[in-house]
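Please open the model in your viewer and keep the sequence panel beside it. The tour below suggests what to select at each stop and describes what is found there.

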Amino acid sequence: MIRLNDITRKLFSYHPKANVDLIEKAYVYSAKVHHGQIRLSGEPYLLHPLEVAYILSQLKMDVVCIVAGLLHDTIEDTEASLEEITHLFGAETANIVEGVTKISKMRFTNRKQRQAENVRKMILAMSTDIRVILVKLADRLHNMRTLGFQPPEKQRSISTETMDIYAPLAGRMGIQWIKSSLEDLCLYYLEPEIYENIQNNIAQKRGEREKFIRDVKELLSQKLREYNIEAAVKGRHKHIFSIYKKMQDQNLTVNQVYDIIAFRVIVKGIKECYEILGHIHSMWKPVSGRFKDYISVPKANMYQSLHTTVIGPLGQMMELQIRTWEMDRLAEEGIAAHWKYKEGAVASKTDEKQFSWLRQLLEWQQNLKDPGEFLESVRMNLFPDEVYVFTPTGEVKAFPRGATPIDFAYSIHSEVGEKCMGAKVNGKMVPLKQQLKNGSIVEIITSPKQHPRKDWLDFVKTPKAKNKIRHWINSQEREESIIIGRNLLEKALEKDHLTLPNIMKNEQIAAIAKDLSFHSEEDLVIQIGIGNISPRQVTGRIKPMLGIPKDKTTGLVGKMVGHIKRRKKDHGIMVEGMSDMLIRFANCCNPLPGENIIGFITRGHGITIHNQNCIHIDKADPERLVEVSWNPSKEDKFTAVLKVTSIDKKGILAEIVSVISYKNINIIHASISTTLDKKAIDLFTIEVQDFKQLQDVMNALKKLKGILSVERISAGRQE
């Protein structure tokens, strides 16, 4: 049982000159106002504030914070008033007590609202004094330690809330020992059988493991003494929750978790940390992929240490942490080790970095009125595997880390995803493959001409987006394949002077489809459109049905070119003396009239037009290449994208636009940006008639004073 002397003795261990008069006064006052109150355990209520104050002394907090710990329940549970607390103990103490009271007082009808509002009040309180949260964490830790006196339903409810909010918050603040304690206690009440199983396993082999710890400590200490390195070596069993998490993550039983023991080596300086790492790896074989350097790259909560896992002396894995004494102190005390509560004190740069995330949360909560939304925004920082962004109206959307604007678009509606042509993040245009970051405001730009692309599947993360994109592509390919297959078959029949009414519901076609193991006439036609079945295979089977002998087959190019669907719209391309074919322009090289081109016969998608020097043509099947030539009309327009890099000076943009307009070229889109080294990068999407006109305007732009470069980024036909 904690007594007042335990608290003051702990305080003097790190603050020898502390004035404990205020603590003694708070103890007497708390005993007075809580007199007669009994906890569910049957103990006097005063034991709870004493335990909370002692936990705060373990965090090496100042006198005011410890006093607030002794008084934290007085306003809520006794006749004491805020005014009286202020008068007796000062405004600073009263503000902390009031903040903790606000967190504890809120009551809601459902769990989600209660958690969200608790966190909202917590962050509000943090805006005036971070010690409010430290008192609340100490309060929650002792309540969890005595949770066994609550009914089972309350045990699960409080444990779930603690696991969702307080344990992650303690971890985010860097107070690892409180985080681990809360997690172990939560597991005890949420998964009692698993907890007992792990605990029993540890207990059964405790003697064996303790001998192993002693042996490893001695081996390691002796090795370091040989190299004249002064270090402290510690060994311990891992926390039960960390073992449980490893079992869950790797689908293991408790007996299959081998690295249950962890060692810590503590030295004076950073140089010795890396030196010791080398010695450890020379003693025992390191496990591949299990080394982490948190000294060079600290965690977000400023945690620093070297982590490595090795195969130990008895052939089992063991984890080692190597750090300095200062790093060890920060790892244990976390945020409390940084914060100094002296009147007029200014936070250091380290403190500023440590608390920047708290200020960001405060800004978010001020703009989010719904408690559910606020909880989601808080989770942005408590749960690093997820990313949360805002719609322009302030709605919060959750995504897996690595999600893109395309994922965001599909989360709004399938049609928004399908028509997504661009995105703005925090008001600036970004590539559709750019990964979203926490707290960003995302706006989707749509176009009725836009449709999903196969390459989106390479970077979208959400199952919904992937499934919708695949479904659209499959349905479009199926529809196109039906149209192409039907046209190919009709042309083949026409060439052989055969007439079949209603190909899609024809008896002969149905019989051939069944003979070729297809479910329907439509499936057969699709396979013709894809290119898996030649229309000649069908006409060749129809002729015997009608008593007509088969013809000889033709070559691949003649066969495929002769049966590609024609389109009414003129693409300005002639294929071996023929026009009005199913034509596609390659996205990889986007040829313009005036450039040398060649056609590639695709399976089921007509002819794709490439620039002759396109890298994809070098790797193409020669049998699928066909001679093509330009035959554009005066009305045909093609798009090109120019990247103009210039000195960032006043009036340069007007000069560029003037040159483009003088060449009678229409600008259909422009994007302007500047760099840190005083350069302007302008992207112009323009309409041109041919390659010559594009070259003409590029040469004119290069002559302008201040232009550094003019490049053609891409071009494509204007439909």
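## Stop one: salt bridges

Begin by selecting Glu-218, which counts as partly exposed at 43% relative accessibility. Add Arg-225 to the selection, and the two side chains are seen to meet in a salt bridge, with 3.3 Å from N to O; Arg-225 is likewise partly exposed, with a relative accessible area of 49%. Bear in mind throughout that this is a predicted model, and that a search of the whole structure finds 16 salt bridges.

Next select Glu-92 together with Arg-131, which form a salt bridge whose closest N and O atoms are 2.5 Å apart. Glu-92 belongs to helix H7 (residues 91-105) and Arg-131 to helix H9 (residues 131-145), so the pair ties together parts that are 39 residues apart in sequence. The two ends of this bridge can be described separately: Glu-92 is partly exposed, with a relative accessible area of 39%, whereas Arg-131 is buried, with a relative accessible area of 2%. If Asp-62 is added to the selection, a network of salt bridges linking Asp-62, Glu-92 and Arg-131 comes into view.

For another pair, select Asp-328 and Arg-323, whose side chains meet in a salt bridge at 2.9 Å, N to O; Asp-328 and Arg-323 are both buried.

## Stop two: a buried glutamate

Now move to Glu-418, which lies in helix H21 (residues 414-418). Which side chain of opposite charge is nearest to Glu-418? That side chain is Lys-419, 5.7 Å away, and Glu-418 has no salt bridge although it is buried. A salt bridge would require a side-chain nitrogen of Lys or Arg within 4 Å of a carboxyl oxygen. To see what surrounds Glu-418, show its contacts beyond the neighbours within four places in sequence: they are Tyr-410, Gln-450, His-451, Pro-452, Trp-456 and Trp-472.

## Stop three: a three-stranded sheet

Select the strands E9, E8 and E10, which form an open antiparallel sheet in the order E9-E8-E10. Its edge strands are E9 (428-430) and E10 (442-446), each of which pairs on one side only, and the twist averages 35° from one strand to the next. Strand E8 (residues 420-425) and E9 are joined in the antiparallel sense over three bridges; to look at one of the bridge positions, select Ala-423, whose partner in E9 is Val-430. Then display helix H20 (residues 405-412), which lies across E8, E9 and E10 and runs at about 80° to E10.

## Stop four: two loop residues

Select Lys-60, found in the loop between helix H3 (47-58) and helix H4 (63-71). Lys-60 has a positive phi of about 60° although it is not a glycine, and it is partly exposed, with a relative accessible area of 40%. Asn-664, in the loop between helix H28 (652-662) and strand E18 (666-674), also shows a positive phi of about 60° without being a glycine; Asn-664 is exposed, with a relative accessible area of 68%.

## Stop five: the nonpolar cores and the whole chain

To view the interior, select Ile-23, Leu-56, Leu-71, Met-144, Met-173 and Ile-198, which touch the most other members among the 70 residues of the largest nonpolar core. A second, separate core of 32 residues includes Ile-607, Val-628, Leu-642 and Ile-656.

Finally, zoom out to the whole protein, which has 29 helices and 20 strands, and in which 49% of the 719 residues count as buried.

Definitions and conventions. Residues are numbered from 1 along each chain as its sequence is written. Side-chain values use heavy atoms; hydrogens and water are left out. Helices (H or I, at least four residues) and strands (E, at least two) are DSSP runs, numbered from the N terminus. Buried means under 20% relative accessible area, exposed over 50%, partly exposed in between (1.4 Å probe, protein chains only). Lys and Arg count as positive and Asp and Glu as negative; His and the chain ends are not counted. Contact means heavy atoms within 4.5 Å. Two strands pair if DSSP finds at least two bridges between them. Axes are lines fitted to C-alpha atoms, for helices over the stretch in contact, and angles run from 0 to 180 degrees between N-to-C directions. A nonpolar core is a set of buried Ala, Val, Leu, Ile, Met, Phe, Trp, Tyr and Cys residues joined through side-chain atoms within 4.5 Å.
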